[in-house]
Every structure is written in structure tokens, then in C-alpha cells.
Amino acid sequence: MNLLSAMARRWVVVLIGLGLTAVGCWQVAQLVGTQYQASSQLVLLLPPQASGVSTPTNPFLNMQAGQVTVASLLAGNVSTPDVRRTLAGAGADAEYDVALVPGAGPIMQVTSTSTDAEKAVETRNAVMKEIDAQLARMQARANVPPRQLIEGDRSGVSDGAEELTGSRIRALGGTAAVGLLLTLLVALGLDRLWGGGGGTGLPGTRADRGRRGTDPVDGAGVDADGVPDEDEQGDAAAAGRRPASWPRVDAEARSPGDKRSRRAS
């Protein structure tokens, strides 16, 4: 309730903050373009004659652990900064990622993202061509027999790029959250600075001390609870005497230990 009251008192500041937040969200929506994603998969397969000319096998059933190793090496090679610069120089400058599909064997997932749908597709195609080139060079260096040359088979190749709206939504949500938080902090800070709503009257606060001077008194300079008020205590201290209204303690009321025994002469 105190928060709502403070915002109601500083409604002008709140309206200005909401207006600025709306303008910021509009600017973010204009600056953060729609992201497009193009993806494909590439699986490494051995030829049917890899197990023997007289005993050919199904390439999809002839998966070897070495094929997974080759796929991992290819994913790392095409993700190096040198290859990225080479592809960007050829016009494929969209962001891309190449990774192995977990638990699926020698399958690489190629994904490219850009604010230009055509650029995303172009980069994805360039990365797949680079994977083929890297695979051919790698096997040539290892002198792989022609009968066991690994080939890359493409699958799941999208014709176009898919529109992604998550980035824009996250940017708008972050801008709105920051704007509302700043509006709240400014409104509360100004309300406290300008003393809106008065004090709370808690014990020890200025409002509480202001009320204590108006408490009903019982007798001259004594509050209702029997304690001399602050004005009388201050005057008595300045004069070096005991306040007149200070309760007196009878000598007879002292404890017996305070009395001095007198010796008969």
C-alpha cells in the first residue's frame, strides 16, 4: 500500500517513465531484426564395398567408431577462426555452428543464423561444401584406400530459412523490465526526497519525537506516565538543580543497608 501510495503521489514521474519505456521498446523492435535460421545434417558413410567387393554391406549398418572420430575432427576444423574468415571473405558471413548430434553416431548438425534469410541459406551451403573439402583432404593425407573412402550424405536440408522470433521477444522483455524498474526507483526516490506522505511515526523517528511534545501532562512538566518532560529536564540541567517535578525518594524508603549505625557515646 505504501508503494502504491508513493506511485500515486508521483503519477507524473510514473507516466513519464512508462512513456520512455514504450519508446525504448519501439526502438529495440526496430534495431533488433528478425533472425533466420537454416539447418541441415550430414552423416558420414562408408561405401558398400568397404567390407569387401564380394561381400558388400548396407552403408547405414556399417557404422564404425572411426567415422565418429572423423566427424568430430571435421566439426572442429570448419569452426576454426581461419575457416570462418575464409568463408566470410567469400560472402558466407552469417553466424554458423557445426556440432555432432549426441548419441546418433557420425552425424553433424549444421546451423546458420542471420537477419537475412538468403544469407543464412548461403552460409549453410558454403559450410557443407567446406566439410566435403575438409573430408577429402583429410583422407588424402591418410592415404585411405579408395574402397574405404568416407562420403558425406546430406539429410534434413531445409529449402529456406526459418524465422526465429525469440531474440526479439527477449530483447523487448529485457528493455521493458529495465524501464519499469528504473521508473519505480525514480518515483520512490523522489517521493522520499520530497517528503511525500509524512513520517511513519515509529518510535525514535522525527515524527514520533514531534508527537511526544504534545502528550498530555500530569502536573507541572510531567508526562502522563510520570516522567518529567524534556523541557523541564533541560532547564534543570542548565541551572544545576534537580527537576522540581522529579519524584523524591524518602530517606525512610531506602534499604536498611543504606542506614549508618550510630555508636552510643
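The buried residues of α3 are covered by several elements, among them β1, β2, β3 and α5. In this predicted model, the residues in question are Q67, V70, A71, L74 and A75. They lie on the same side of α3, because the arc they cover around the axis is only 135°. The helix itself has 13 residues, and its span from the first C-alpha to the last is 19 Å, close to the 18 Å expected at 1.5 Å a residue.

A second helix, α5, can be read in a similar way. α5 has 25 residues and reaches 37 Å between its first and last C-alpha, where 36 Å would be expected at 1.5 Å a residue. Its buried residues are A120, V121, T123, R124, V127, M128, E130, I131, Q134, L135, M138 and Q139. As for their surroundings, these residues pack against β1, α3, α4, β2, β3 and β4, the last of which spans 151–155.

Both helices also take part in the largest nonpolar core. This core holds 22 residues, and the members that touch the most others are L44, V70, L74, V98, M108, V127 and I131. At least two residues each come from β1 (35–45), α3 (65–77), α4 (81–89), β2 (95–100), β3 (107–114) and α5 (117–141). The greatest share is that of α5, which gives 5 residues. As a general background, nonpolar side chains in soluble globular proteins tend to be buried together.

M108 offers a helpful close-up of this core, being one of the members that touch the most others. With neighbours within four places in sequence left aside, M108 is in contact with S40, Q41, L42 and L44, with A71, L74 and A75, with V98, A99 and L100, and with I131. Of these partners, A71, L74 and A75 are also among the buried residues of α3, while I131 is one of the buried residues of α5.

Aromatic rings were examined as well. The search of the whole structure finds 0 aromatic pairs. The ring of Y96 does have a charged partner, however: the charged end of R84 sits over it, 4.3 Å from the ring centre.

Finally, the wider view places these details in the chain as a whole. The protein chain has 8 helices and 5 strands, which follow one another from the N terminus as α-α-β-α-α-β-β-α-β-β-α-α-α. Of its 265 residues, 26% count as buried. Among contacts between residues at least 6 apart in sequence, 68% join residues at least 24 apart.

Terms used: Residues numbered from 1 in each chain as written. Predicted model: local features only at pLDDT ≥ 70, side-chain atom pairs only at ≥ 80, totals over all residues. Heavy atoms only, no water. Phe/Tyr/Trp six-rings, centres within 6.5 Å; stacked < 30°, edge-to-face > 60°. Lys NZ or Arg CZ within 6 Å of the ring centre and 35° of its normal. Core = buried A, V, L, I, M, F, W, Y, C linked by side-chain atoms within 4.5 Å. Buried < 20%, exposed > 50% of the residue type's maximum accessible area, 1.4 Å probe, protein only. Helix = DSSP H or I, 4+ residues; strand = E, 2+ residues; numbered from the N terminus. Contact = heavy atoms within 4.5 Å. Expected span 1.5 Å × (residues − 1). Arc of directions from axis to C-beta.
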